[in-house]
Amino acid sequence: MSSSKVVVLSSYMKCIPHLLTALRDSRTDKVTFVNHADRLMSILCEEGLSYVSSCIRHPEITTPTGAVVTGTEIDTSNVVAVSIIRAGDSLLGNFLRICPHAAVGKVLIQRDEETAKPKLFYSKIPNLRGKCVVLVDPMLATGGSANEAIRILIENGAEEENIYFFNVICCPEGIANMHAVYPRVTIISTEMDAGLNERAFIVPGLGDYGDRYFGTV
């Protein structure tokens, strides 16, 4: 699936399914989970940056053969990456390996497991006026935490159309809830799952991403 505001990488990238299979499998140990997760998140970040259109440049370069060609580069000097702690930090680490000069912001928003509503505990965000903002969190479930994070980004100067939300797995409910409030935010995900269960967890899903990545299951 690909549209102007929702991009699902598995719709055209054949390297996604086998990595996701390892993450979904309840038998996968921590070392294997982290290995496959890092590989998948690196792909997400590399491909996702190609959709940050305001940072794309097309310079003329000269190759070692003397040929002059028009290339493509991503100007990362104007990029700010913001993670939703804690699971988002796994994705942030991969993003910064690809985009090491990006400024960083953090928000701590936790979902109340009884009500599925977000609670804001902490935020530290640089001035985002005129910046390309990449919000990172591996799972887009209800969209509550992401919407709260986007509200904070806009309060700190971000323009809605310059916000890009990178996630590993999304679902239709989360996309609908986010775009009902912030329709100009671009969502880039490796996979879209079927939906939410009665506890507001993504199914088939892969469990608690943060717990499995950081070994706190």
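This is a short walk through helix packing and some backbone details in a predicted model.

Let's begin with the helices. Two packed helices are described by the angle between their axes and the distance between the axes. For helix 1 (residues 16-24) and helix 2 (residues 30-49), that angle is about 145 degrees, and the axes lie 9 Å apart. The crossing of this pair is left-handed. If you would like to follow the contact in the viewer, helix 1 contributes Ile 16, His 18, Leu 19, Leu 20, Ala 22 and Leu 23. Facing them from helix 2 are Phe 33, His 36, Ala 37, Arg 39, Leu 40 and Ile 43. By residue class, this contact between helix 1 and helix 2 has nine nonpolar residues, two polar and one charged.

Helix 2 also packs against helix 3 (87-98). Here the axes come within 9 Å and cross at roughly 55 degrees, so helix 2 and helix 3 are oblique to each other, as an angle between 35 and 65 degrees counts as oblique. Helix 2 passes helix 3 in a right-handed crossing, whereas its crossing with helix 1 is left-handed. On the helix 2 side you will find Asp 38, Met 41, Ser 42, Leu 44, Cys 45, Glu 46 and Leu 49. They meet Ser 90, Leu 91, Asn 94, Phe 95, Arg 97 and Ile 98 of helix 3. The residues of this second contact divide into seven nonpolar, three polar and three charged.

From helix 3, step back to the loop that precedes it. Arg 86 sits there, between strand 6 (79-85) and helix 3. Have a look at the backbone at this point: the peptide bond from Ile 85 to Arg 86 is cis, with omega near 5 degrees.

A second cis bond awaits further along the chain. The bond from Val 203 to Pro 204 is cis too, and its omega is near 0 degrees. Pro 204 belongs to the loop that links strand 13 (202-203) with helix 6 (209-214).

One more backbone detail is found on the other side of strand 13. Ala 200 lies in the loop between strand 12 (195-196) and strand 13. Although this residue is not a glycine, its phi is positive, at about 65 degrees. Is Ala 200 buried or exposed? Its relative accessibility is 12%, and Ala 200 therefore counts as buried, the cut-off being under 20%.

Methods
Residues are numbered from 1 along each chain as its sequence is written. This is a predicted model: local features need pLDDT of at least 70, side-chain atom pairs count only at pLDDT 80 or more; totals for chains, interfaces and linings use all residues. Side-chain values use heavy atoms; hydrogens and water are left out. Helices (H or I, at least four residues) and strands (E, at least two) are DSSP runs, numbered from the N terminus. Buried means under 20% relative accessible area, exposed over 50%, partly exposed in between (1.4 Å probe, protein chains only). Axes are lines fitted to C-alpha atoms, for helices over the stretch in contact, and angles run from 0 to 180 degrees between N-to-C directions. A crossing is left-handed if the near helix is turned anticlockwise from the far one by less than a right angle, and right-handed if clockwise. Contact means heavy atoms within 4.5 Å. Ala, Val, Leu, Ile, Met, Phe, Trp, Tyr, Cys and Pro count as nonpolar, Asp, Glu, Lys and Arg as charged, and the others, Gly among them, as polar. Angles under 35 degrees count as roughly parallel, over 145 as roughly antiparallel, 65 to 115 as roughly perpendicular and the rest as oblique.
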